[in-house]
Amino acid sequence: MGMKIIGTGSCLPQTVVTNDDLSKIMDTSDEWISSRTGIRERHLVKEETTTSMSVEAARRAMENAGVTAQEIDLIIVGTLSADHVTPACACEVQAAIGAQDAVAFDINAACSGFMFALNIAHAYLQMGVYKTVLILGAETLSKIMDWNDRSTCVLFGDGAGAVVVCADERDRMLAYDQGSDGVRGSVLACKNRTNNNPLVQTGVEPEYVHMDGQEVYKFAVTAVPASLSKTIKAAGLSVEDIDYFALHQANIRIIQSVAKRLKVSEDKFPISLDHCGNISAASVPILLDEINRKGLLKPGMKIALSGFGGGLTWASAVIEW
Ligand code: ACO
């Protein structure tokens, strides 16, 4: 048994914050941010939460797929910024949409979270365990940013994206690749946990996202083209056969470098980071939803997906639409 994507949905917070808006509250500029990253604005939560955006994205994806909540039998949310340690965001989504028969859990693989969740769903479908799966990437990164660190806080945004996949005789997941390198984990970390256990005097203050931008850049421009090449080859295709490359939206320079290394036109790399910033696990499903709703995806098209980031982690897939 194989897997087919049958619907997409997304939800961004209402509040839009431009680079110029940021320059009024910190020492930065539209020129610095947009020239280095391609980001012009991002959506940040005020009232919304990781769960509320997930619920809206899920509803839109189910409507797009033409399935009811009763048909969903597995919900996986890729997130590093769930509203609570427990219950999981996926369980809260289950309750809100009324998918009472679903199994629900979150996974944390940072910016690769949605891709890891997609691969988990694929494995369940291949084994015949489940038939219809709701997969989300959802983040409220604004709450784990250090707003005194202009080198990181300007890069990120909030939002949620969702896809619905179902079991199908013909597998539209043509190949996938995923990997982790915990040895290099410290180059992109967020250790914000408090501990008031009287037996443990850690003295550790809550920490926000910390990133060695240049090391992350080097990792991304090496790991992503290698993973994509490996996956495309495993699918029995060449890079010319791929209609779109839907990559994690971290930075335009990373995407341009991947395009160059693969010798593919940048036109095949749709972009959402200009208006969304980097939304970690949510960026790939939001991008997929945007190009799906623009009518760019036609049956039979081959799409290469890739997520990469904290952990370090990376994951790619080639799917047929
Ligand atoms: N506005 C103005 N100046 C700034 C800002 C800002 N927001 N942030 C940093 N600066 C200054 C620094 O203080 C520094 O000034 P100095 O030279 O006087 O000391 C100067 O700009 C250069 O700082 P760097 O950190 O060296 O900037 P760099 O050129 O490396 O660009 C960037 C930073 C864009 C993050 C780059 O490292 C990069 O592209 N990294 C890729 C990683 C990435 O995109 N991560 C996103 C999240 S990770 C992921 O999703 C996989």
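Which residue has a backbone N or O atom 3.0 Å from a nitrogen atom of the ligand? To find out, keep in mind that the model on your screen is predicted, select the ligand, and begin the tour there.

**Stop 1: the ligand and its contacts**

The residue asked about is Gly213, whose backbone supplies an N or O atom that lies 3.0 Å from a nitrogen atom of the ligand. Next, show the side chain of His248, where an N or O atom is 2.8 Å from an oxygen atom of the ligand, and then the side chain of Asn278, where an N or O atom is 2.7 Å from an oxygen atom of the ligand. Taken on its own, the ligand has 1,000 Å² of accessible area, and the protein covers 72% of that area.

**Stop 2: the shell around the ligand**

Now widen the selection to the 22 residues around the ligand, of which Thr28, Arg150, His248, Asn251 and Asn278 come nearest. When these shell residues are sorted by character, 10 are nonpolar, nine are polar and three are charged.

Which elements give two or more residues to this shell? Colour helix 2 (30–37), helix 6 (150–153), helix 7 (213–234) and strand 12 (302–309), since these are the elements that do so. Among them, helix 7 gives the most to the shell around the ligand, with four residues.

**Stop 3: Ser306 in strand 12**

Stay with strand 12 and select Ser306, which is found in this strand. Ser306 counts as buried, at 1% relative accessibility. If you then add Gly137 to the selection and compare the C-alpha atoms, you will find the two residues 13 Å apart in space, although 169 residues separate Ser306 from Gly137 in sequence.

**Stop 4: Ser283 and Ser280**

Move on to helix 10, which covers residues 283–293 and includes Ser283. Ser283 is buried, with a relative accessible area of 3%, and a polar atom of the Ser283 side chain lies 3.2 Å from the backbone nitrogen of Gln249.

From Ser283, go to Ser280, which is found in the loop between helix 9 (273–276) and helix 10. Is Ser280 buried or exposed? Ser280 counts as buried, at 2% relative accessibility. Look at the backbone here as well, where the phi angle of Ser280 is near 45 degrees, a positive value in a residue other than glycine.

**Stop 5: Ala110**

For another positive phi angle, select Ala110, a residue other than glycine whose phi is near 50 degrees. You will find Ala110 in the loop between strand 5 (103–107) and helix 5 (113–127), and at 8% relative accessibility Ala110 counts as buried.

**Stop 6: two cis peptide bonds**

Where does Pro87 lie? Pro87 is in the loop between strand 4 (74–78) and helix 4 (89–97), and the peptide bond that joins Thr86 and Pro87 is cis, with an omega of about 5 degrees. Then follow the chain to the loop between strand 12 and strand 13 (313–320), where Leu312 is found. The peptide bond that runs from Gly311 to Leu312 is also cis, and its omega is near -10 degrees.

**Stop 7: a pair of aromatic rings**

A pair of aromatic rings is described by the distance of the centres and the angle of the planes. The count for this structure comes to three aromatic pairs, and one to look at is the pair formed by Tyr124 and Tyr130. The centres of these rings are 5.0 Å apart and their planes are at 65 degrees, so the pair is edge-to-face, given that planes over 60 degrees apart count as such. Tyr124 counts as partly exposed, at 24% relative accessibility, whereas Tyr130 is buried, with a relative accessible area of 17%.

**Stop 8: the cysteines**

Finish by selecting the cysteines. How many disulfides does the structure hold? The structure holds zero. A disulfide is a covalent bond between the sulfur atoms of two cysteines. For Cys153, the closest cysteine sulfur is in Cys190, and the distance of 14 Å is too far for a bond, because the two sulfur atoms of a disulfide must lie within 2.5 Å. Cys153 is buried, with a relative accessible area of 1%, and Cys166, at 16% relative accessibility, counts as buried too.

Terms used
Residues numbered from 1 in each chain as written. Predicted model: local features only at pLDDT ≥ 70, side-chain atom pairs only at ≥ 80, totals over all residues. Heavy atoms only, no water. Buried < 20%, exposed > 50% of the residue type's maximum accessible area, 1.4 Å probe, protein only. Near = heavy atom within 4 Å. Polar contact = N/O pair within 3.5 Å; in protein donor to acceptor, adjacent residues only side chain to side chain. Areas by Shrake-Rupley, 256 points an atom, 1.4 Å probe, with all protein chains shown as cover. Nonpolar A, V, L, I, M, F, W, Y, C, P; charged D, E, K, R; others polar. Phe/Tyr/Trp six-rings, centres within 6.5 Å; stacked < 30°, edge-to-face > 60°.
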